[in-house]
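Me: I should like to understand how the descriptive terms used for a protein model are justified. May I ask about them one at a time?

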Amino acid sequence: MEKKAKNTTHKFSKPVSVLRYFPQKMEWNKAEYRALPSHVPNWDQFTTLKNGCVRDERFLMHSNVYQGLTTIETDTILLWGADTATRIDMYKRAHKLPNFLNLYHKNNELWVECCDDYYPTFGSKQRDRFDILPLMPGKSAAIHINARYWHTMMGKGTDTHYVEKYLYLEHLGTFQEVTLLDDLEESFMFKPQQEVDLRQMMF
């Protein structure tokens, strides 16, 4: 008999927007990258979510993930990957995602911008900062982006590496409450409604 997960409901003091951010990354050295028959990686299309999801128009979170947040008095919850989450105050400040992206509010909308201030310090091409797209409730997008960088290996020279990323973002909606589950697993398939390809030639 399947074990039924216990659950409790927590009401937020104000409406909370829920975002999902799921990055995938592949990295090659110079020889590997040049030998690839195609520079388009095969990204994983399925995963199992254990941090949170929306089911039957209800926002569900694993109780342990919820308790790991420093405070829930926030305007936005960011579900990272499959099993973590963080709180962000989007109306107070922009939120930097690793290496490439920035989330910020503009004209009462949530925008995703390219903010590549990491890889240029390692020799990659400099990308100007620019808006990519608005992230609207109920909408999802995947951003494909790449970079080339150099780093010193034990002080004996410079090695070239190539990185490609698939960055899935989804605005799950705004909720007044969350249902906490002691056991949460949700099969998930990536089906972005919009795909943006920002990859450049990096040879």
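Reply: Certainly. In this predicted model, the charged end of Arg20 sits over the ring of Phe188, 5.5 Å from its centre.

Me: What makes the charged end of Lys106 count as sitting over the ring of Trp111?

Reply: The charged end of Lys106 is 4.0 Å from the centre of the Trp111 ring. The cut-off is within 6 Å of the ring centre, together with a position within 35 degrees of the ring normal. The distance therefore satisfies the first condition, and Lys106 is listed as sitting over the ring.

Me: Why is the pair of Phe122 and Tyr149 called edge-to-face?

Reply: The structure holds 15 aromatic pairs. In the pair of Phe122 and Tyr149, the ring centres are 6.3 Å apart and the planes make an angle of 75°. Centres within 6.5 Å count as a pair, and planes over 60 degrees apart count as edge-to-face; therefore both parts of the name apply to Phe122 and Tyr149.

Me: How do you know that this pair links distant parts of the chain?

Reply: Phe122 lies in the loop between strand 9 (109–114) and strand 10 (130–134), whereas Tyr149 belongs to strand 11 (residues 140–152). The two residues are 27 residues apart.

Me: Why is Phe122 called partly exposed, and why is Tyr149 called buried?

Reply: Buried means under 20% relative accessible area, and partly exposed means between that value and 50%. Phe122 has 31% relative accessibility, so Phe122 is partly exposed. Tyr149 has 11%, so Tyr149 is buried.

Me: How do you know that Cys115 is in no disulfide?

Reply: A disulfide is a covalent bond between the sulfur atoms of two cysteines. The nearest cysteine sulfur to that of Cys115 belongs to Cys114 and is 7.4 Å away. A disulfide requires sulfur atoms within 2.5 Å, so Cys115 does not qualify. Indeed, the structure holds 0 disulfides.

Me: What makes His95 buried?

Reply: His95, in strand 7 (residues 95–96), has a relative accessible area of 18%. This value is under 20%, and therefore His95 is buried. Among the residues in contact with His95, leaving aside neighbours within four places in sequence, are Leu78, Trp80 and Met90.

Me: Why is Leu133 also called buried?

Reply: Leu133, found in strand 10, has 3% relative accessibility; this is under 20%, so Leu133 is buried. Beyond residues up to four places away in sequence, Leu133 touches several others, including Trp111 and Val196. Leu133 and Val196 are 63 residues apart in sequence and 9.0 Å apart in space, C-alpha to C-alpha.

Definitions and conventions: Residues numbered from 1 in each chain as written. Predicted model: local features only at pLDDT ≥ 70, side-chain atom pairs only at ≥ 80, totals over all residues. Heavy atoms only, no water. Phe/Tyr/Trp six-rings, centres within 6.5 Å; stacked < 30°, edge-to-face > 60°. Helix = DSSP H or I, 4+ residues; strand = E, 2+ residues; numbered from the N terminus. Buried < 20%, exposed > 50% of the residue type's maximum accessible area, 1.4 Å probe, protein only. Contact = heavy atoms within 4.5 Å.
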